[in-house]
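Please open the structure in your viewer and display the side chains as sticks. The tour below proceeds from selection to selection.

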Amino acid sequence: MNVSTDYPQKNIDILPNILNKLDERFVLVRIGDCERILPKFKNKNQIICLKNVPDEEYALYFNAADVLIHPALDGGFEIPYLEAIFSDLPIITFDIPIAKEVLRDKGIYVHLGKDKLDPDEWVDKILKYYDHKPNYDDLKKYYSKERAKREYENLYRSLGFL
């Protein structure tokens, strides 16, 4: 599964390179624009393109997936990481600072080398971890609504608003 926009820093050009090296057991569900990369797939049956999904169905795609492939080169706080965490979905991503900040030692990291479109390490990690169920319990607690509410209440209390 991959969820992102089609901006250069999202590095979606690597997706066909990855899937073209995997056998037909693997199908990429991509939520986001696919038009530009679709012709690069050797087997069009290995990609399902969904430009948008309704909010009420969004989490269902994460629950049905085997792995999140997130090849972004840069970015802010990534919502797909949280969806994957709360769906117990392995997350394969580049070893960029935001990924390490959000995922800590729970991410499956691909070394960001000179060739940002080299699929080999991605393929190796997908084959190794697609049926792996990570333990995200500590991250789920950290990113919980209860913790956020407590932190905001403490902040507002310290500022004299509560």
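Select Lys21 and Asp120 to begin. In this predicted model, the two residues form a salt bridge whose closest N and O atoms are 2.8 Å apart. The pair ties together distant parts of the chain, 99 residues apart: Lys21 lies in the loop between H1 and E2, and Asp120 belongs to helix H5, residues 120-129. Is Asp120 buried or exposed? Asp120 is partly exposed, because its relative accessible area of 36% falls between the 20% limit for buried residues and the 50% limit for exposed ones.

Next, select Lys40 and Asp13. Their side chains meet in a salt bridge with an N to O distance of 2.9 Å. Here the chain separation is 27 residues, with Lys40 in the loop between strand E2 (28-31) and strand E3 (47-50) and Asp13 in the loop between E1 and H1. Lys40 is partly exposed, at a relative accessible area of 40%. Asp13 is also partly exposed, with a value of 23%.

Keep Lys40 and Asp13 displayed, and add Asp6 and Arg36 to the selection. Salt bridges with shared partners connect Asp6, Asp13, Arg36 and Lys40 into one network.

Move now to Glu78 and Lys10. A salt bridge joins their side chains, at 3.1 Å from N to O. The two residues are 68 apart along the chain and link distant parts of it: Glu78 sits in the loop between strand E4 (68-70) and helix H3 (79-86), whereas Lys10 sits in the loop between strand E1 (2-3) and helix H1 (14-19). Are these two residues buried or exposed? Both Glu78 and Lys10 are buried, which means that each has a relative accessible area under 20%.

To place these pairs in context, display every salt bridge: a search of the whole structure finds 10.

For the last stop, hide the salt bridges and select helix H2, residues 55-64, together with helix H3, residues 79-86. How do H2 and H3 pack? Their axes are 9 Å apart and meet at an angle of about 65 degrees, and the crossing is right-handed. Show the side chains at the contact: H2 contributes Tyr58, Ala59 and Phe62, while H3 contributes Pro80, Glu83 and Ala84. Coloured by class, this contact shows five nonpolar residues, one charged residue and no polar ones. The charged residue is Glu83, because Glu counts as charged.

Methods:
Residues are numbered from 1 along each chain as its sequence is written. This is a predicted model: local features need pLDDT of at least 70, side-chain atom pairs count only at pLDDT 80 or more; totals for chains, interfaces and linings use all residues. Side-chain values use heavy atoms; hydrogens and water are left out. A salt bridge is a side-chain nitrogen of Lys or Arg within 4 Å of a carboxyl oxygen of Asp or Glu. Helices (H or I, at least four residues) and strands (E, at least two) are DSSP runs, numbered from the N terminus. Buried means under 20% relative accessible area, exposed over 50%, partly exposed in between (1.4 Å probe, protein chains only). Axes are lines fitted to C-alpha atoms, for helices over the stretch in contact, and angles run from 0 to 180 degrees between N-to-C directions. A crossing is left-handed if the near helix is turned anticlockwise from the far one by less than a right angle, and right-handed if clockwise. Contact means heavy atoms within 4.5 Å.
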